[in-house]
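Open the model in your viewer and keep the sequence panel beside it. The tour goes from one selection to the next and says what to look for at each stop.

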Amino acid sequence: MDGSEYGYCVFKAGSTELVVEKVAEDAPEEERILVGRFTGLSFTVQDVEASHRELAGRGVHFTGPPERQFWGGTLATLQDPSGNELQIVQYPAMA
């Protein structure tokens, strides 16, 4: 569903839907303070190094290179144009 004219969009992945909404500049303060922070949203990828290279090559800003985590997976944190932080993750079984 494309609600971009209304400030949102919907991403479908099988039976799962992710709705992303724009926060207007004149939105209440309690909504605006959420912009530019870590979202807690991660996307699983098969090869985090390759995905990092591809996305960075397209101009996506990463806060650093992919990093191996104590639990065996690898994460890379990226920022959207508003400064919201998201992550791509490669789980150990995929390594």
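Two strands are said to pair if DSSP finds at least two bridges between them. That rule applies to the strands and hairpins visited below, in what is a predicted model.

**Stop 1: strand β6**

Select residues 74-79, which make up strand β6. Is this strand enclosed or not? Five of its six residues are buried, so β6 is largely enclosed by the rest of the structure.

Now add residues 67-68, strand β5, which pairs with β6 in the antiparallel sense over two bridges. To see the register, select arginine 68 and find threonine 74 of β6 opposite. β5 and β6 form a hairpin with five residues between the strands. Within this hairpin, pick glycine 72, whose phi is positive, near 105°.

Next add residues 61-62, strand β4. β4 and β6 are also antiparallel, with two bridges between them. Here histidine 61 is the residue to select, and glutamine 79 in β6 stands opposite.

**Stop 2: strand β7**

Keep β6 on display and add strand β7, residues 85-90. How many bridges join β6 and β7? There are six, and the pairing is antiparallel. For one facing pair, select threonine 77 and look across to glutamine 87 in β7.

Follow the chain from β6 into β7 and you pass through a hairpin with five residues between the strands. In the turn, select glycine 83, which has a positive phi of about 90°.

**Stop 3: an aromatic pair**

A search of the whole structure finds one aromatic pair. Select tryptophan 71 and tyrosine 91: their ring centres are 5.9 Å apart and their planes meet at 40°, so the pair counts as tilted. Where do the two residues sit? Tryptophan 71 is in the loop between β5 and β6, while tyrosine 91 is in the segment after β7, so the pair ties together parts that are 20 residues apart in sequence.

Switch on the surface at this stop. Tryptophan 71 is partly exposed, at 35% relative accessibility. Tyrosine 91 is partly exposed as well, with a relative accessible area of 39%.

**Stop 4: helix α1 and its salt bridge**

Side chains of opposite charge can pair when their charged atoms come close. The count for this structure is two salt bridges.

For one of them, go to helix α1, residues 29-32, and select arginine 32. Arginine 32 forms a salt bridge with glutamate 29, and the closest N and O atoms are 3.0 Å apart. Why is there about one helical turn between these two residues? Glutamate 29 and arginine 32 are three residues apart in helix α1, which means a separation of about one turn.

Both partners are partly exposed: glutamate 29 has a relative accessibility of 45%, and arginine 32 has 35%. Then show what surrounds arginine 32. Leaving out residues up to four places away in sequence, arginine 32 touches Val23, Ala24, Glu25 and Ala27.

**Stop 5: a second salt bridge**

Finish with arginine 58 and glutamate 54, whose side chains meet in a salt bridge at 3.1 Å, N to O. Which partner is exposed and which is partly exposed? Arginine 58 is exposed, with a relative accessible area of 65%, whereas glutamate 54 is partly exposed at 45%.

Methods. Residues are numbered from 1 along each chain as its sequence is written. This is a predicted model: local features need pLDDT of at least 70, side-chain atom pairs count only at pLDDT 80 or more; totals for chains, interfaces and linings use all residues. Side-chain values use heavy atoms; hydrogens and water are left out. Helices (H or I, at least four residues) and strands (E, at least two) are DSSP runs, numbered from the N terminus. Contact means heavy atoms within 4.5 Å. A salt bridge is a side-chain nitrogen of Lys or Arg within 4 Å of a carboxyl oxygen of Asp or Glu. Buried means under 20% relative accessible area, exposed over 50%, partly exposed in between (1.4 Å probe, protein chains only). Rings of Phe, Tyr and Trp (its six-membered ring) pair if their centres lie within 6.5 Å; planes under 30 degrees apart count as stacked, over 60 as edge-to-face and the rest as tilted.
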